[in-house]
Amino acid sequence: MGRENLKAELDRLFPEDIKSCGGPPGEQTIVVRREVLRPVMECLKSPAFDFCLLLDLTCVDYAAVEGTFEMVYHLYSLARNDRLRIKTRLPAGDLSIGTLTGLWKNAGWLEREVFDMFGVEFRGHPDLRRILLYDGFEGHPLRKDYPLRKRQPLIPGRGD
Amino acid sequence: MATRIEREARSETLLLNMGPSHPAMHGTVRVMVELDGEKILNSEVEIGYLHRGFEKTCENRTYFNLLPYTDRLNYVSPLINNLGYALAMEKMLGLEVPERARYIRVLLSELSRVSDHLTCIAAMAMECGAFTVFLYMIKAREFVWDVIEATTGARMTTSYIRIGGVRADLHPGHREAVGKAVEETRRVLRDVRGLLDKNKIFLGRTRDTGTISREDAVSYGWTGPCLRSTGVCYDVRKSRPYEVYDRLEFEVPLGERGDNFDRYNVRMLEIEQSLRIVEQVLARMPASSAPPGNDAIPPDRAIGESRRRKSGAPVRLSPNLEGSEKARYCDILAPDMSVVVPPKEDAYTSMEGLISHFAFFMKGHGIRPPKGEVYASVEGGNGEVGFYIVSDGSDRPYRLHMRAPCFHVMSALEQLIRGRFVADVIPTFGSLNMIGGELDR
Amino acid sequence: MDGRFITTRFNSLLGWARKYSLFHYPYVTACCGMEYMSAACAHFDIDRFGAGWTRFSPRQSDMLLVVGTITHKLAPVLKTVYDQMTEPKWVVAFGACAVSGGIYDNYAVVQGIDTIIPVDIYIPGCPPRPEMVLDGLLKLQDKIQKQKQDWRWAGKT
């Protein structure tokens with residue numbers, strides 16, 4: 001499905017919810033509202049569009065610049081060799097979004113990582129806890145306001 | 001007939017911790033299993049013990065400076081990570097890499113892939129008890145690393161593939177060295193096939209253990225040899241060819257059942273295909289356009305002469321810089337001088353060269369891509385290695401995210417070992433090729 | 001002959017025995033693990049120095065070879081393993097990350113394992129070549145030879 005067909009089809013199914021579609025050749029991007037993210041993802045996974053592989057799921061902190069965080073999803077369709085990037089904005093004061101577990105099985109771990117690094121809460125996630133850092137760690141390191149060198153050791157050092 | 005003891009014996013479950021420091025956990029993964037006898041009822045995989053803050057660190061380094069950090073992601077095939085990052089940046093900057101540099105990149109990527117698969121199979125076999133296989137494969141890996149070291153200067157973490165090309169041209173004896181590495185690897189593959197392929201013990205441990213279906217593998221986001229072992233043909237080199245892969249002939253081996261033996265077999269076949277690619281690259285690589293010249297003048301004389309006039313004569317550089325002389329720049333690096341390190345002859349003999357050298361490395365200057373974002377991917381040893389870079393126009397990335405293939409592969413481990421025996425955890429974990437640097441970033 | 005001659009001779013005998021039969025516990029985490037594998041295998045054999053046998057249990061080993069980056073999440077595990085090892089024990093920091101945190105100066109990485117456990121030999125490099133590993137091992141063997149061995153049973157000397 002070419003870029004125009006995809007956009008046209010999505011506009012037909014979700015009128016007024018797909019904000020924009022564009023990007024350089026080979027990097028098709030759509031921006032959706034966060035309330036419709038789950039229905040759009042279900043639609044994209046369905047055999048009509050057949051984006052069967054959730055390649056990646058990450059977040060970018062634009063809080064200092066625009067007051068939002070941006071969730072970025074990369075999908076891939078094996079049958080059509082087509083990649084798609086879906087972005088959605090979250091206001092910095094209300095970092096929560098619906099989960100994608102249930103659609104793709106790797107979403108569980110990917111969302112745990114975003115929760116760990118950014119503090120985004122995924123509503124409906126069966127087991128939302130830290131994955132890369134230890135449980136008592138305070139703060140979310142990949143946010144821009146977390147200093148790079150702020151260390152939180154688990155055991156006291158020899159000199160202490 | 002049930003005896004009294006069988007009727008009366010209690011059955012409790014045991015919680016076994018295969019902790020982060022474990023010989024078969026490749027260092028840094030913790031698997032806690034709930035056992036009924038030897039059977040695994042439930043398990044939990046805890047990762048993050050090698051989380052080194054790669055993404056946050058990269059936000060504080062210039063685009064050129066963060067290259068060594070990309071080496072240490074998938075540290076058994078570091079050149080492939082370098083290549084992924086370089087491709088993402090070249091996409092963002094719109095750079096055109098010279099032909100010879102592309103062939104060199106493919107050559108070294110495939111040698112890295114060979115060393116990755118050799119290490120994976122060696123470790124997996126060693127954990128199943130076949131120590132000889134480990135010794136043989138590490139021996140073959142040494143020959144491959146000899147080639148990489150002679151060209152790049154380092155055996156493992158090389159930082160050789162740069163934005164715009166490569167650091168230096170191939171070393172003079174590379175044909176013989178690559179030939180030797182290929183021959184030794186083929187000999188080792190033959191030996192290991194003889195040792196493992198029909199070995200009852202190895203087959204008993206790996207056949208039909210750690211099996212995953214195609215649908216589950218795709219749902220877990222698997223890519224690379226693990227996905228191909230289930231029969232799904234997805235290889236970034238074929239579906240989205242980068243560099244010169246569209247001009248090379250190679251096959252993508254597929255498995256059938258998605259069990260541990262298929263993953264081992266797919267990796268062995270991929271080593272052979274990578275060697276095939278290496279031979280084709282050597283045959284088709286365009287010749288170096290710098291003629292070997294003996295009229296190079298020593299550096300102090302060049303600097304002295306440059307004070308009086310522009311000479312332009314070739315300068316004999318130190319052996320460390322062999323292959324990165326100015327005459328070779330048309331082969332190895334893109335012509336855009338604002339994004340590559342200027343040649344040393346210019347930096348030391350002309351004012352413009354010195355200024356461009358200074359400006360390249362100074363904070364706030366150097367590589368500054370336009371505002372925007374890019375996602376580029378390459379086929380790594382474990383699957384699709386992707387780099388998602390967001391640039392805000394300054395000299396540091398605003399956000400750099402790496403799509404780690406073994407993160408997705410490991411998310412399926414709990415399902416793979418459920419219902420199996422404890423002994424099956426070892427070959428399953430070994431065949432998935434967990435690399436801590438990539439998993440935890 | 002006075003007692004001190006015998007104890008010094010026995011001291012060197014014990015040092016000789018200990019240095020040529022090092023059982024190491026390879027606490028492998030990261031990239032240096034690949035160079036550890038190379039150092040342990042056929043090309044750059046450490047078995048010829050007597051240190052070839054890896055013992056994956058802290059109770060059975062006398063040298064803790066900390067290979068690779070130690071993060072704050074992993075630090076308690078390292079301390080536990082070190083505490084479980086029995087005397088005499090030596091610690092070798094292998095690689096820049098174990099020596100000083102390496103290129104990772106951030107929230108997650110311990111800046112050198114000597115902040116947690118005492119270290120005997122530091123092997124720098126990122127990763128160190130196998131020859132450097134062997135050099136570090138030889139230095140450790142010198143250190144063991146010169147060390148005053150433990151004489152609990154000899155009473156007051």
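1. A good place to start is the contact pattern of chain A: of its contacts with a separation of 6 or more, 46% are between residues 24 or more positions apart. Please keep in mind throughout that this is a predicted model.

2. On secondary structure, chain A holds four helices and seven strands. Their order along the sequence is α-β-β-α-β-α-β-β-β-α-β, so to speak the thread on which the points about chain A below hang.

3. For overall dimensions, the C-alpha atoms of chain A occupy a box of roughly 65 × 30 × 30 Å along the principal axes. Of the 160 residues in chain A, 35% are buried.

4. Now to the contact between chains A and B. Chain A brings 24 residues to this contact, and chain B brings 27 residues. On the chain A side, the elements that supply two or more residues are β3 (53-62), β4 (68-77) and α4 (107-118). Of these, β3(A) has the largest share, with six residues.

5. You may also like the chemical make-up of that surface. Where chain A touches chain B, its side consists of 15 nonpolar, five polar and four charged residues.

6. Chain B also meets chain C. Here 29 residues of chain C are in contact with 28 residues of chain B. Two or more residues on the chain C side come from each of β1 (24-28), α2 (32-40) and α3 (75-84) of chain C. The element that gives the most is α2(C), with five residues.

7. By class, the side of chain C that touches chain B counts 19 nonpolar residues, along with eight polar and two charged ones.

8. One helix of chain C deserves a point of its own. In α3(C), the buried residues are C:A75, C:L78 and C:V81. Viewed down the helix axis, these buried residues lie within an arc of 125 degrees, and therefore they line one face of α3(C). The cover over them includes β1 and β2 (63-67) of chain C.

9. Finally, a link between the last few points that is worth a look in the viewer. Both β1 and α3 of chain C are among the elements giving two or more residues to the side that touches chain B, and β1(C) is also part of what covers the buried residues of α3(C).

Conventions: Residues numbered from 1 in each chain as written. Chains lettered and ligands numbered in written order. Predicted model: local features only at pLDDT ≥ 70, side-chain atom pairs only at ≥ 80, totals over all residues. Contact = placed C-beta atoms within 7 Å. Nonpolar A, V, L, I, M, F, W, Y, C, P; charged D, E, K, R; others polar. Buried ≥ 20, exposed ≤ 12 C-beta atoms within 10 Å, placed from the backbone. Arc of directions from axis to C-beta.
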